[in-house]
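Colleague: Before we discuss how the chains fit together, could you show me the model, and then let me ask what each term rests on?

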Protein chains: 2
Amino acid sequence: MPKLHWEDFTPGTVTVYGPRLVTREEIVAFAAEFDPQPMHLDEAAAGATLLGGLAASGWHSCSLLMRMIADGFVLESASMGAPGVDEVRWLRPLRPGTRVRVRATVLETRASNSRPELGFVRFLFEMLDEQDDVLTALTSPLMLKRRQAGASP
Amino acid sequence: MPKLHWEDFTPGTVTVYGPRLVTREEIVAFAAEFDPQPMHLDEAAAGATLLGGLAASGWHSCSLLMRMIADGFVLESASMGAPGVDEVRWLRPLRPGTRVRVRATVLETRASNSRPELGFVRFLFEMLDEQDDVLTALTSPLMLKRRQAGASP
């Protein structure tokens, strides 16, 4: 199967990946390793915080989102990685037992000026719960190989 | 020891946390779980990518940075978490065997309008290598409890 290249992404396209069940065990394991704040480790302590109960580290949400888009399309694409993330919003807590999906919206595509073999695809990625509420939203430009280096889009 | 509150952070303050040695094993383990792209898993495959060799997932860098600031000051503070991240830049690859530090710069502090018991401290966090080159930079507003709710700063 031919890999997805830069030319295969069209602004306005929306695709949903998942679902994936997020367990209490993985929330606590990630937090213990990377973000050992009480609201990510312990129900009782978490109840006293703004989150009002145990919830995943925001970085765990981002990492789970990455895995879901990797399985969804990135690993089947001529991806060259990303230079960064424009904005991350942790809008609602990710609770144990939530079945999440990721909605990927192509916002914009542009050729690279400095690297004729590459293009950028700017995505909005949203992690959704079962009610389609957005838990985490982030926008990020992915770099992808072009099928035809340097050709006009 | 009294916890750090919002009033204890002053714009312009720079603090460095770490060091922490980042191993090949943890880079590959994180990638296998969350970001299984070739450049984060396998030296030979990574050599053919823009990264030019095995390097940590950007989300791994962010998660390591989180752990270093947690141990550095967040766990000793009256932190209430963060609503998100304004910008993440993955500037240079994080290679196996790098001894990283995190430089935290207080950019700005402001009281919360809607929650008189809280204030925001906007930080620039930079992950540095042994040569003080910046590998990852991100800006994020942390929410902290105020010592005196609703008092003027």
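Colleague: How many residues of chain B are in contact with chain A, and how many of chain A with chain B?

Modeller: There are 35 residues of chain B in contact with 35 residues of chain A, where contact means heavy atoms within 4.5 Å. This is a predicted model, in which local features need pLDDT of at least 70 and side-chain atom pairs count only at pLDDT 80 or more, while totals for chains, interfaces and linings use all residues. Residues are numbered from 1 along each chain as its sequence is written, chains are lettered from A and ligands numbered from 1 in the order in which they are written, and side-chain values use heavy atoms, with hydrogens and water left out.

Colleague: What area do chain B and chain A bury between them, and what share of it is on carbon and sulfur atoms?

Modeller: About 3,100 Å² is buried between chain B and chain A, 65% of it on carbon and sulfur atoms; buried area is the accessible area (1.4 Å probe) that two parts lose on being put together, summed over both. Of the area that chain B buries against chain A, 24% comes from B:Phe34, B:Leu50 and B:Trp59, more than from any other three residues.

Colleague: What makes the meeting of A:Asp86 and B:Arg89 a salt bridge?

Modeller: The term requires a side-chain nitrogen of Lys or Arg within 4 Å of a carboxyl oxygen of Asp or Glu. The side chains of A:Asp86 and B:Arg89 meet at 3.3 Å, N to O, and the pair therefore satisfies that rule. Over all chains the structure holds 22 salt bridges. A:Asp86 lies in the loop between β2 and β3 of chain A, whereas B:Arg89 belongs to strand β3 of chain B, so this pair joins two chains. Across the interface of chain B and chain A, the rule finds two salt bridges.

Colleague: Which elements give two or more residues to the side of chain B that touches chain A?

Modeller: They are α1 (24-34), α3 (58-72), β2, β3 (87-90) and β6 (134-145) of chain B, with helices (H or I, at least four residues) and strands (E, at least two) taken as DSSP runs numbered from the N terminus. The most comes from α3(B), which gives eight residues.

Colleague: How do you know that β2 of chain A and β3(B) pair?

Modeller: Two strands pair if DSSP finds at least two bridges between them. Strand β2 (residues 84-85) of chain A and β3(B) are joined over two bridges in the antiparallel sense, so the criterion is met. In β3(B), B:Arg89 is the bridge partner of A:Gly84.

Colleague: In what order do the six strands of the open sheet that begins with β2(A) stand?

Modeller: The order is β2(A)-β3(B)-β6(B)-β5(B)-β4(B)-β1(B), with antiparallel pairing. At the edges stand β2 of chain A and β1 (14-22) of chain B, each with a single partner strand, so one side of each is left without a neighbour in the sheet. Ten bridges join β4 (residues 98-111) to β5 (residues 118-128) of chain B, and B:Thr105 stands opposite B:Leu124 in β5(B).

Colleague: Which strands does α3(B) lie across?

Modeller: α3(B) lies across β2 of chain A together with β1, β3, β4, β5 and β6 of chain B, running at about 120° to β1(B); axes are lines fitted to C-alpha atoms, for helices over the stretch in contact, and angles run from 0 to 180 degrees between N-to-C directions.
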